Amino acid sequence: MQRLLIGVCALFSTLFSLGAHAAPLIPPKGGQYAVIVQGSGGVEYARHADDMIAPASTMKVLTALAARLELGADFRFATDIQAQPGTKQGDAIKGDLWINFVGDPTLSRMDLVALFKQLGVTSIKGNVYVNTGAYNGYERGNGWSWGDQTLCFAAPVSSVIIDKNCAYGTVTATQIGKPAVGNVATGVPIGIGADNVEVMSYGDMARQFCALEVDMAKGNFYELKGCITPNKEPQGLRFAIHDVEAWGWDNIRWAMNRAGISHDGLLRVTHQAPVGAQTLATHYSVSLPVMLSKMLKKSDNLYADTFLKTVGRHYYNKPGSYRSGTMAVRAILTKNGIDLGNATLADGSGLSAHNLISARQMLSVLNFIQKNDAQLDFIKLLPSSQVDGTLAWRRSVTAPMMKNKVHAKTGTITGTSNLAGFIDTAGGQRKAFVVFQRGLSQDPATHERYRASKAPWPWTVFEKGILESIYQQQPIQIAEQ
């Protein structure tokens, strides 16, 4: 009898699992979607797979693959200081110095101090040239939102990158009606003004449609304006650097001072390294796979666009730019049999609204990665469901059975929610998939209800149904719109 009950329970459990998604999945109202899934036998499901959609941060998969193929696993950024032979005399540099910045996204202010300490000198008697020739062109991608320019996820991508070209400060607002005060940590070369910030209740802010805003000025001064609610503790702020040239100069001066070096000369910008000079000090980044892992797991935009420009520089042997980088990515992938066809590449991070790619084109990138993963060791660099990165808490993969089964890149910009990568199914197969959703919007009242209740968004429910169908090896059923 007990065996019979166990058998019935097991059968019921199987039937429940097989019928879990018997009802067709409902795409978000008013939105568009594209889905494609491939197993060992080829494409198993495709719907709207040739529609062109903004990839958002799934674009980083293309950038990372091109960087891995072009630069190699041993690649490291090298920021160095050079001078003409004989310039270093004892504990002094008697002549000009060049700091060759190469867009290293890992370079910190303290790394800069250590770089100067490597010189082993106490004085520099000559000009210090800041070489920014590694990159040229715009520091932000075509199609980036102007409203994001003060935010650190849209920091400028230049040859000079120090502390990710992002600075921290605070604003203190303790009491309604009292003035707010902006503060910056000692030695951080930015300024914050808060004279035009009004401290008021959340209700008053809502009634007056008021929010905290910021204007940027040359020299990295940030003028806060608008409204803020009171708080007993200072509220942290993060600002994308606006004036990269000033940021570089100010941090170089600070680093030389921290390294105990006096400087008698000028700071100047150049776009060329010195001819015949010798290297006196070098800072190396971590290796490429470590940086790619951070880029993909944390969806780091600065890393992605730095790699885009670096790939362009390496491939064409010319200063890197968004133009040369996107052309190089396409050329490198094409050379490896990945045809992007009519896809539009505008940057490496996916921030640009001008990027367009189809789910089928993205799948071709994933297929190459899967076929060559023994050599590339790429899939482990992606976020894993319930484990790390942007999939640690994504609500479409929170079912217990999905833990560490999805290895994929997320992609989110306004109105878009994407996921592209791999699923290890219940049957032990690894399948590549792409789920793109765009045009995601709700009326304000509905949006507020979802936000307040913390219920999963409709596009999350749709994505969850697709992923669990793939995992359980069930047919994907999507209702006709």
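Contact between elements is taken here as heavy atoms within 4.5 Å. In this predicted model, helix H12 satisfies that criterion with three strands at once, lying across S1, strand S19 (416-424) and S20. The helix runs at about 15 degrees to S19.

The strands beneath this contact belong to an open sheet of five strands, arranged in the order S2-S1-S20-S19-S18. Pairing within the sheet is antiparallel. Its edges are formed by strand S2 (42-47) and strand S18 (406-413), each of which pairs on one side only. From one strand to the next, the twist averages 5 degrees. Within the sheet, strand S1 (residues 32-39) and strand S20 (residues 430-438) are joined by seven bridges in the antiparallel sense. Across this pairing, Ala34 stands opposite Phe436 in S20.

Phe436 also figures among the contacts of Ser358. Ser358 is placed in the loop between helix H8 (322-335) and helix H9 (359-371). With a relative accessible area of 2%, Ser358 falls under the 20% limit and is therefore buried. When residues up to four places away in sequence are not counted, Ser358 touches Ala49, Asp50, Asp51 and Met52 in addition to Phe436.

Burial was also examined along helix H3 (residues 109-117), in which Arg109, Leu112, Val113, Leu115 and Phe116 are buried. Viewed down the axis of H3, the buried residues fall within an arc of 160 degrees, so they line one face of the helix. The elements covering these residues include strand S3 (78-83), strand S6 (97-100), strand S7 (123-125), H5 and strand S17 (278-284).

Charged side chains were considered next. Side chains of opposite charge can pair when their charged atoms come close. The model contains 13 salt bridges. One of them connects the side chains of Asp243 and Lys218, with an N to O distance of 3.5 Å. This pair links distant parts of the chain, the two residues being 25 residues apart. Asp243 lies in the loop between strand S14 (235-240) and helix H5 (244-258), whereas Lys218 lies in the loop between strand S12 (212-217) and strand S13 (221-228). The partners also contrast in accessibility: Asp243 counts as buried at 10% relative accessibility, while Lys218 counts as exposed at 70%.

A second salt bridge is formed within helix H12 (residues 458-471), where Lys464 and Glu468 are four residues apart, about one turn of the helix. An α-helix has 3.6 residues a turn, so residues three or four places apart point the same way. The side chains of Lys464 and Glu468 meet at 2.7 Å, N to O. Lys464 is partly exposed, with a relative accessible area of 26%, whereas Glu468 counts as buried at 7%. A further salt bridge joins Asp377 to Lys380, the closest N and O atoms being 3.0 Å apart. Here Asp377 is partly exposed, at 39% relative accessibility, and Lys380 is exposed, with a relative accessible area of 57%.

Aromatic side chains form nine pairs in the structure. Phe75 and Phe77 make an edge-to-face pair, with 5.0 Å centre to centre and 75 degrees between the planes. Both partners lie under the 20% limit and are therefore buried, Phe75 at 17% relative accessibility and Phe77 at 2%. By contrast, the rings of Tyr222 and Phe239 are stacked, with 4.5 Å centre to centre and 20 degrees between the planes. The stacked pair links distant parts of the chain, since Tyr222 is in strand S13 and Phe239 is in strand S14, 17 residues apart. Tyr222 is buried, with a relative accessible area of 0%, and Phe239 likewise counts as buried, at 4%. Ring pairs further link Phe75, Phe77 and Phe307 into a cluster.

Terms used:
Residues numbered from 1 in each chain as written. Predicted model: local features only at pLDDT ≥ 70, side-chain atom pairs only at ≥ 80, totals over all residues. Heavy atoms only, no water. Salt bridge = Lys/Arg side-chain N within 4 Å of Asp/Glu carboxyl O. Buried < 20%, exposed > 50% of the residue type's maximum accessible area, 1.4 Å probe, protein only. Pairing = 2+ DSSP bridges. Axes fitted to C-alpha atoms, helices over the stretch in contact; angles between N-to-C directions. Arc of directions from axis to C-beta. Phe/Tyr/Trp six-rings, centres within 6.5 Å; stacked < 30°, edge-to-face > 60°.
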